[in-house]
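Ready for some practice at reading a protein fold? Open the structure, try each exercise yourself, and then compare your steps with the worked solution.

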Amino acid sequence: MAFTAKDVQTLREMTGVGMMDCKKALTEADGNMDKAVELLREKGLAASQKKAGRIAAEGMAYAAVIDGVGVVVEVNAETDFVAKNEKFVDFVKGVAATVVANKPADLDALMECKYAGTDLTVTQQQQEMVLVIGENIKVRRFAFFTEGVCVPYIHAGGKIGVLVNLETSLSAEQVETVGKDVAMQIAALNPRFWDKTQVTQDVLDEEKKIMMVQMANDPKMASKPEQVREKIVMGKLNKFYAENCLLQQEFVKDNSMSVEQYIASSAKALGGTITFKNAVRFEKGEGIEKKQENFAEEIAKQLGK
């Protein structure tokens with residue numbers, strides 16, 4: 001019986017076992033899914049199958065610079081308690097070290113890499129952690145920068161991890177404060193764009209449309225000539241940039257300047273150049289659908305109490 005890449009993915013989701021092991025099992029089972037699961041269980045690879053189906057929306061986001069490479073990862077667990085577990089934290093740091101050592105192209109590639117300091121793959125090490133800790137654990141995502149100077153920031157013990165990438169003529173130590181200030185701004189305000197040049201025309205058109213409708217519904221504005229309303233819209237777009245674009249945002253620590261101006265003034269004071277190039281912001285559990293565990297609370301909500 002033949003099998004497809006989708007079958008491999010399905011088996012992987014069912015068992016939490018690595019892609020290559022799933023492919024081998026399906027090959028040995030001649031494409032029979034149940035037989036493949038059985039084979040993986042016999043090999044001890046699917047011991048954490050039941051836990052693999054449980055939602056992991058807690059955990060931690062972690063950012064660091066290792067051997068000059070900036071890396072940020074998110075690893076999820078089922079409870080916030082586990083996120084404070086020393087073994088779990090060490091596992092997360094090991095995932096980050098593995099990313100730096102192997103620079104994988106995507107999550108599938110990372111899961112097949114040798115976990116730092118072991119002969120196990122990341123998938124196998126993850127399964128070991130599930131057995132040791134007793135919760136579903138999943139490596140969710142990662143990013144890294146190999147060029148420039150990176151500054152990491154971890155907020156609230158791993159609730160948010162931010163990695164800022166700068167191009168500079170100065171040393172990493174000299175720009176650390178600037179990078180951390182920018183990272184803290186990103187963590188706090190979560191801007192949609194880094195710079196106004198990244199705002200696409202369709203986004204601008206949508207914003208203009210909304211603003212024009214708002215003015216049309218405002219008696220004071222509706223009577224104004226269209227040219228006047230267009231100028232007002234342009235002024236409002238500048239406010240849109242200031243609210244949604246990191247470099248144009250008001251700098252939280254000094255509202256007399258923008259983030260862009262803060263970076264420029266800091267570079268001048270240090271006698272060098274600093275250019276913001278990129279950043280990554282991971283918030284743990286972001287976008288993961290969570291189960292309602294508090295049934296009493298859920299019923300109270302339904303009854304309007």
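**Exercise 1.** Of the 28 residues in the largest nonpolar core, which touch the most other members?

*Solution.* Keep in mind that you're looking at a predicted model.

Step 1: pick out the residues. Val73, Val75, Phe88, Phe91, Val95, Ile137 and Val139 have contacts with the most other core members.

Step 2: ask which elements feed this core. At least two residues come from each of β1 (60-66), β2 (69-76), α5 (80-83), α6 (86-102), α7 (107-112), α8 (122-133) and β3 (138-145). The biggest giver is α6, with 8 residues.

Step 3: zoom in on one member. If you skip residues up to four places away in sequence, Ile137 touches Val75, Asn76, Ala77, Phe88, Phe91, Gln126, Met129 and Val130.

Step 4: look for another core. There is a second, separate one of 24 residues, and Val162, Val164, Tyr262 and Ile274 are among them.

The general idea behind this exercise: in soluble globular proteins, nonpolar side chains tend to be buried together.

**Exercise 2.** Work out the strand order of the sheet that contains β1, β2 and β3, and say how the strands pair.

*Solution.* Step 1: write down the order. This open sheet of 3 strands reads β1-β2-β3, and the pairing is antiparallel.

Step 2: find the edges. β1 and β3 are the edge strands, since each pairs on one side only. From one strand to the next, the twist averages 15 degrees.

Step 3: check the first pair. β1 and β2 run antiparallel and are joined by 7 bridges, with Val65 standing opposite Gly70 in β2. The two strands make a hairpin with 2 residues between them, and in that turn Asp67 has a positive phi of about 55 degrees.

Step 4: check the other pair. β2 and β3 are antiparallel too, over 7 bridges. Here, Glu74 sits opposite Arg141 in β3.

Step 5: see what lies on the sheet. α6 packs on it and touches β1, β2 and β3, with a direction that makes about 135 degrees with that of β2. As for β1, it is mostly covered: 5 of its 7 residues are buried.

**Exercise 3.** Decide whether α6 is roughly parallel or antiparallel to α8.

*Solution.* Step 1: get the geometry. The axes of α6 and α8 are 11 Å apart, and the helices pack at an angle of about 175 degrees.

Step 2: apply the cut-off. Angles over 145 degrees count as roughly antiparallel, so α6 is roughly antiparallel to α8.

Step 3: name the contact residues. α6 brings Lys87, Phe88, Phe91 and Thr98, while α8 brings Val122, Gln125, Gln126, Met129, Val132 and Ile133. By class, this contact of α6 with α8 has 6 nonpolar, 3 polar and 1 charged residues.

**Exercise 4.** Describe the sheet that holds β4, β5 and β6, then the helices beside it.

*Solution.* Step 1: the order is β4-β5-β6, in an open sheet of 3 strands with antiparallel pairing. At the edges you'll find β4 (149-155) and β6 (274-283), each pairing on one side only. The twist averages 15 degrees from one strand to the next.

Step 2: take one pair. β4 runs antiparallel to β5 (residues 160-168), and 7 bridges join them. Cys150 stands opposite Asn165 in β5.

Step 3: add the helix. α9 (residues 172-189) packs on this sheet, where it touches β4, β5 and β6, and its direction makes about 135 degrees with that of β5.

Step 4: find a helix partner. The axes of α9 and α13 (residues 259-270) come within 10 Å and cross at roughly 170 degrees. That angle is why α9 counts as roughly antiparallel to α13. Gln174, Thr177, Val178, Asp181, Val182 and Gln185 in α9 meet Val259, Tyr262, Ile263, Ser266 and Leu270 in α13. Sort the residues of this contact and you get 6 nonpolar, 4 polar and 1 charged.

**Exercise 5.** Does Asn165 count as buried or exposed?

*Solution.* Step 1: locate Asn165, which is found in strand β5.

Step 2: compare with the cut-off. Buried means under 20% relative accessible area; Asn165 has 8% relative accessibility, so it counts as buried.

Step 3: list the neighbours. Setting aside those within four places in sequence, Asn165 is in contact with Phe145, Glu147, Gly148, Val149, Cys150, Thr275, Phe276, Lys277 and Asn278.

Notes
Residues are numbered from 1 along each chain as its sequence is written. This is a predicted model: local features need pLDDT of at least 70, side-chain atom pairs count only at pLDDT 80 or more; totals for chains, interfaces and linings use all residues. Side-chain values use heavy atoms; hydrogens and water are left out. Two strands pair if DSSP finds at least two bridges between them. Helices (H or I, at least four residues) and strands (E, at least two) are DSSP runs, numbered from the N terminus. Axes are lines fitted to C-alpha atoms, for helices over the stretch in contact, and angles run from 0 to 180 degrees between N-to-C directions. Contact means heavy atoms within 4.5 Å. Angles under 35 degrees count as roughly parallel, over 145 as roughly antiparallel, 65 to 115 as roughly perpendicular and the rest as oblique. Ala, Val, Leu, Ile, Met, Phe, Trp, Tyr, Cys and Pro count as nonpolar, Asp, Glu, Lys and Arg as charged, and the others, Gly among them, as polar. A nonpolar core is a set of buried Ala, Val, Leu, Ile, Met, Phe, Trp, Tyr and Cys residues joined through side-chain atoms within 4.5 Å. Buried means under 20% relative accessible area, exposed over 50%, partly exposed in between (1.4 Å probe, protein chains only).
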